[in-house]
Amino acid sequence: MAARTSARARNAYRAYDRNVSHSRQMYVYGNAVPKPEYMPGYQEPQRRASRTVSRQVKQNRKNAMHINRAYVVFLAIAAVMALVVCVNYVQLRSELTARSKNITVLQERLASMNEENTTKYNVIMDSVNLEEIRTKAMDELGMVYATENQIVQYDNPSGDYITQYEDIPEEGVLATSLDAED
């Protein structure tokens, strides 16, 4: 039995020795800490001599540490106000986020409506045949192109809004159907 114990002890020591040799840390056995090396020019800081404090200073310090009711009420009101401000801030941020999401949804709807509108406009423009309209107007309705003496040009520098103060004269401006056939 003793031989077994010594064999176990040797195996345990070998395993410990292998683990210690692989580790990079140094372990100090015992409770004695080595003294630090001496550093020239280094002086340990000196402790200040304790001053004697007068009784009045001690009393003032004690009074300063005391919290009265007015200070407690002030702190409670300040804490409540800070809480109200924080809650309002969080509500405003959540409202801002909700509005931002709503704006995004509306922008997407606008883009889809614009695309749909453009598509319908293109379909309508493709369905209109201007040559067919000209043929119907000239053949079935008897319309003709305007002649040079029927066209009156004017300048309107103020824009596209026209105010008419009197009637347009008939000669040279509006052709009657009899004049157009000649």
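User: Is Ile133 buried, partly exposed or exposed?
Analyst: Ile133 counts as partly exposed, because its relative accessibility is 48% and the partly exposed class runs from 20% to 50%. Bear in mind that this is a predicted model.

User: Where does Ile133 sit?
Analyst: Ile133 is in helix α4.

User: Which residues form the nonpolar patch on the surface?
Analyst: The patch is made of Tyr121, Ile124, Met125, Val128, Leu130 and Ile133. Together they have about 610 Å² of accessible area.

User: And which elements give two or more residues to that patch?
Analyst: Those are α3, residues 69-127, and α4, residues 130-139. The biggest contributor is α3, which gives three residues.

User: Changing topic. How many helices and strands are there in the chain?
Analyst: The chain has five helices and zero strands. Along the sequence the pattern reads α-α-α-α-α.

User: What share of the residues count as buried?
Analyst: Of the chain's 182 residues, 1% count as buried. For that label a residue needs under 20% relative accessible area.

User: What does the accessible surface of the chain come to?
Analyst: About 19,200 Å². Carbon and sulfur atoms account for 57% of that surface.

User: OK, salt bridges. What is the count?
Analyst: Three salt bridges. One of them joins the side chains of Glu95 and Arg99, with an N to O distance of 3.0 Å.

User: How far apart are Glu95 and Arg99 in helix α3?
Analyst: They are four residues apart in α3, so about one helical turn separates them.

User: Which accessibility class does each of Glu95 and Arg99 fall in?
Analyst: Glu95 is partly exposed, at 37% relative accessible area. Arg99 is exposed, because its value is 54% and the exposed class begins over 50%.

User: What does Lys120 form a salt bridge with?
Analyst: Lys120 pairs with Glu116, and their closest N and O atoms are 3.3 Å apart. This pair also belongs to helix α3, where the two residues are four apart, so they are about one helical turn from each other. Glu116 is partly exposed, with a relative accessible area of 45%.

User: Back to α4. Which side chains meet in a salt bridge at 2.7 Å?
Analyst: Glu131 and Arg134, with that distance taken from N to O. Both residues lie in helix α4, three residues apart, or about one turn of the helix.

User: How accessible are Glu131 and Arg134?
Analyst: Glu131 is partly exposed at 45% relative accessibility. Arg134 is partly exposed too, with a relative accessible area of 34%.

User: Last topic, confidence. What is the mean pLDDT of the chain?
Analyst: The mean is 78, and 66% of the residues reach 70 or more.

User: Where is confidence lowest and where is it highest?
Analyst: The low end is helix α5, residues 177-181, with a mean of 50. The high end is α3, at 95. That is the helix holding the Glu95 and Arg99 pair and the Lys120 and Glu116 pair.

User: Over which residues does pLDDT stay under 50?
Analyst: Over residues 173-177. For that stretch the model has four contacts beyond four places in sequence.

Definitions and conventions:
Residues are numbered from 1 along each chain as its sequence is written. This is a predicted model: local features need pLDDT of at least 70, side-chain atom pairs count only at pLDDT 80 or more; totals for chains, interfaces and linings use all residues. Side-chain values use heavy atoms; hydrogens and water are left out. Patches are made of residues with over 30% relative accessible area and no salt bridge: like charges are joined within 9 Å, nonpolar side chains (Val, Leu, Ile, Met, Phe, Trp, Tyr) within 5 Å. Accessible areas come from the Shrake-Rupley method with a 1.4 Å probe; for residues, only the protein chains shown count as cover. A salt bridge is a side-chain nitrogen of Lys or Arg within 4 Å of a carboxyl oxygen of Asp or Glu. Buried means under 20% relative accessible area, exposed over 50%, partly exposed in between (1.4 Å probe, protein chains only). pLDDT is the predictor's confidence in each residue, from 0 to 100. Contact means heavy atoms within 4.5 Å.
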